Structures are given as structure tokens and as C-alpha cells.
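Visitor: I am new to this structure and would like a close look at a single part of it. Could you take me through the charged side chains and their surroundings, step by step?

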Amino acid sequence: MHRWTSLDQVPPDLGPTVATLGNFDGVHRGHRAVLETVVGTARERGLASVAVTFDPHPVAVLHPERAPQEITGLDHRLDLLAGLGLDGVVVVEFTREYALLTPEDFVVQTFVDGLRSQVVVLGQDSRFGLHNSGDVGTMRELGRRYGFEVLVQGTVGEQAQGRRTWSSTALREAIQTGDMETATEILDRPHRVSGEVVHGHHRGRDLGYPTANLSTDSEGMVPADGVYAGWLERPSLPADDPDRRLPAAISVGSNPTFDDVERTVEAYVLDRDDLDLYGETVAVDFALRLRGNDRFETVDDLLAQIALDVERTRSLLG
């Protein structure tokens, strides 16, 4: 998949496209319904499939005081988009000046002149242009005027029970409360936080449970404080390496038993004390929240609970 940081970088020989736009934060099931329509339609018609996304998030530029926490970092988002079979992604730098484009100017600049789109695919709640004043109706009118077809992906992601919509808002709420089962359902994969492994207090090793501590500038929305079952993945290793993806008990929080203040993410790889991960960028995938981030009266009490957490993690992950 080609990755371009402006429309000017899109090569002239790419040819006509089937395209879409969105933040795609999380690249969840709702997003994938639209993106799979883009890819499928492009293949049927012999066209290139392209998604247009934004960095930073528009709300972070226009209303930073209420900007949503990013669910996935840009690199992970692009990797997920690549996995869907797109031919290319344009990452547009979102600025206040860019936000002043009228819906028509945005469409002409992006889809008519920039990508020569024959088809534009939208989710039915898509908005674009100045003050988000453009919508599906606007795009259809502009499609008639400029000669491209508009396909609208209907309502997607409603469960047979509960009628929960697959959306970034619902996903963010699930992660914030530690409801990783719902997060996994919306994503169709475990939620991920990635970062460099750094030195911590080394208490885990002293207690017999050495942990990989992620740096505080890790990518991905950190779930609610607590202990989780999940996996530690090492993207630098080959896909078939047995040490690439390992079961782990994961702790999120400030270690109240030791009166720590800084909030950390640390993962203990089950039954492994031989791993030297310092300086390596790893991913932590959250499967299920086991309990809250509790304070224990003694270290022995803490050790007893950690042993239970490890056994439960082992049982849950099989």
C-alpha cells in the first residue's frame, strides 16, 4: 500500500480511483464496512482504491479542549488500513486553514483534481468541509455536478442483541471503562497499545514476575486501571518466530501498594524470565480485564494475588 502525505504526492499514473475519507480512528468494524466497499468496488471496476485520512484529528486542531483521546496511533492505523487491501492512503495534515475549505472546494481538491475519483464511498454519517457542513446529500449533488458516482454504506454494526453500533465513540467508552470484551467485539481484534520497553522500578523482577514497562509516550489509548489478560507482541521478529506473540498478564495503573504516582503499562510474559526487551518496541494486546488496580496491605498479599492473576490469565488464554 502506498502512503502519501499530500495529494501532490499521488502519482499521475495511478489512474482513476474509488475513494473514501475519514479519521478511521481504531479502524473498527464500522470503518471496515466502508473500506471493504471501496476495495471491492475498485477491484470490480479495475480502478485504484484510496482512503483519505487526517492527522492530527480535526477536533484536536479546532477544539483541543475537547479532543478525543486517540484510539490508535497513526502508524498502527496505517498498518491496519494496509491490511484491508487498499492501494493507497493519503494522510492530509489537518490545519485551521485546511478547515476553511468549503465542502465543494474540499471535494474538488481531493476527489476531482487530486484523485480523479470515479466513485466516492461514504458512511451515511460522513461530514466534510467548513463547519462540517457537507454531508451525504452534498456529496451526491457534487457527484452529479462533477461526474462521479456516490455509494453510501448503510447502517452497519448493529448487533442482533443490544443494538450497539460499531463506532469510535462506543469503542472509546469501552476502553475507558476497561470493557475489553466490548472493545474486542467492535474492533474484531484485541485493543493494542505500543511503545518502547523502558526501565522501571524493577520490582517485578525482584518479586519473581519481571515485567516489560512501556514508555509513557506509547501509542494507543490506555485502558482503565487494572489487571488484564492479553498478549505481548514483538513486531520486529518474523511472523513464524515462537517468541513473536506471547501470553501475558498486564498491569495498568500507578502501583498503589508501593505508593507510586506515575501511571504505567507493564506486561509479565507468562513463565518467562529470560527475555531482554529493553529498547525494543513491543505491542500489548488487551483481551480481558481481571480486576481493578487494588492496594494490598502486605507484599505477601500482593504476591498471592499476582499468582492468581497469572493462573487466570493462563486459563483464559488457553
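Guide: Please keep in mind from the start that this is a predicted model. A search of the whole structure finds 23 salt bridges, and the general idea behind them is that side chains of opposite charge can pair when their charged atoms come close.

Let us begin with strand β6, which covers residues 149–153. Glu149 forms a salt bridge with Arg45, and the closest N and O atoms of the two are 2.8 Å apart. Because Glu149 lies in strand β6 while Arg45 belongs to helix α1 (residues 29–45), this pair ties together parts that are 104 residues apart in sequence. Glu149 counts as partly exposed, since its relative accessibility is 34%, and Arg45, at 41%, is likewise classed as partly exposed. Val150 is found in the strand as well, and with a relative accessible area of 16% this residue is buried, because buried means under 20%. The C-alpha atom of Val150 is separated by 9.8 Å from that of Ala19, although their positions lie 131 residues apart along the chain.

Beside this strand in the sequence we can look at helix α5, residues 136–146, where Arg144 lies. Arg144 is exposed, with a relative accessible area of 62%, and its side chain makes a polar contact of 3.1 Å with the side chain of Glu141.

A second salt bridge joins the side chains of Arg234 and Glu280, at 2.8 Å from N to O. Arg234 sits in the loop between β9 (226–233) and β10 (245–253), and Glu280 in the loop between β11 (264–269) and β12 (281–291), so the pair ties together parts that are 46 residues apart in sequence. Both Arg234 and Glu280 are buried. In another pair, the side chains of Asp294 and Arg291 meet in a salt bridge of 3.6 Å, again taken from N to O; here Asp294 is partly exposed, with a relative accessible area of 36%, whereas Arg291, at 14%, is buried.

Charged side chains can also be linked in a wider arrangement, as in the network of salt bridges that includes Arg192, Glu233, Arg244, Arg245 and Asp285. On the surface, by contrast, Asp75, Glu196, Asp217 and Glu219 gather in a patch of negative charge. Of these, Glu196 has its place in strand β7, residues 191–198, and counts as partly exposed at 38% relative accessibility.

Two further charged residues deserve attention for their backbone. Most residues other than glycine have a negative phi, and most peptide bonds are trans. Arg116 has a phi near 45°, a positive value in a residue that is not glycine, and its place is in the loop between α4 (103–114) and β5 (117–123). The relative accessible area of Arg116 is 40%, so this residue is partly exposed. Asp188, which is not a glycine either, has a positive phi of about 65°; Asp188 lies in the loop between α7 (180–187) and β7, and is partly exposed with a relative accessible area of 47%.

Finally, the peptide bond joining Asp55 and Pro56 is cis, with omega about 0°, and Pro56 is found in the loop between β3 (48–55) and α2 (58–62).

Conventions
Residues are numbered from 1 along each chain as its sequence is written. This is a predicted model: local features need pLDDT of at least 70, side-chain atom pairs count only at pLDDT 80 or more; totals for chains, interfaces and linings use all residues. Side-chain values use heavy atoms; hydrogens and water are left out. Patches are made of residues with over 30% relative accessible area and no salt bridge: like charges are joined within 9 Å, nonpolar side chains (Val, Leu, Ile, Met, Phe, Trp, Tyr) within 5 Å. Accessible areas come from the Shrake-Rupley method with a 1.4 Å probe; for residues, only the protein chains shown count as cover. A salt bridge is a side-chain nitrogen of Lys or Arg within 4 Å of a carboxyl oxygen of Asp or Glu. Lys and Arg count as positive and Asp and Glu as negative; His and the chain ends are not counted. The place of a charge is taken as NZ of Lys, CZ of Arg, CG of Asp or CD of Glu. Helices (H or I, at least four residues) and strands (E, at least two) are DSSP runs, numbered from the N terminus. Buried means under 20% relative accessible area, exposed over 50%, partly exposed in between (1.4 Å probe, protein chains only). A polar contact is a pair of N or O atoms within 3.5 Å; within protein, one must be able to donate a hydrogen and the other to accept it, and residues adjacent in sequence count only if both atoms are side-chain atoms.
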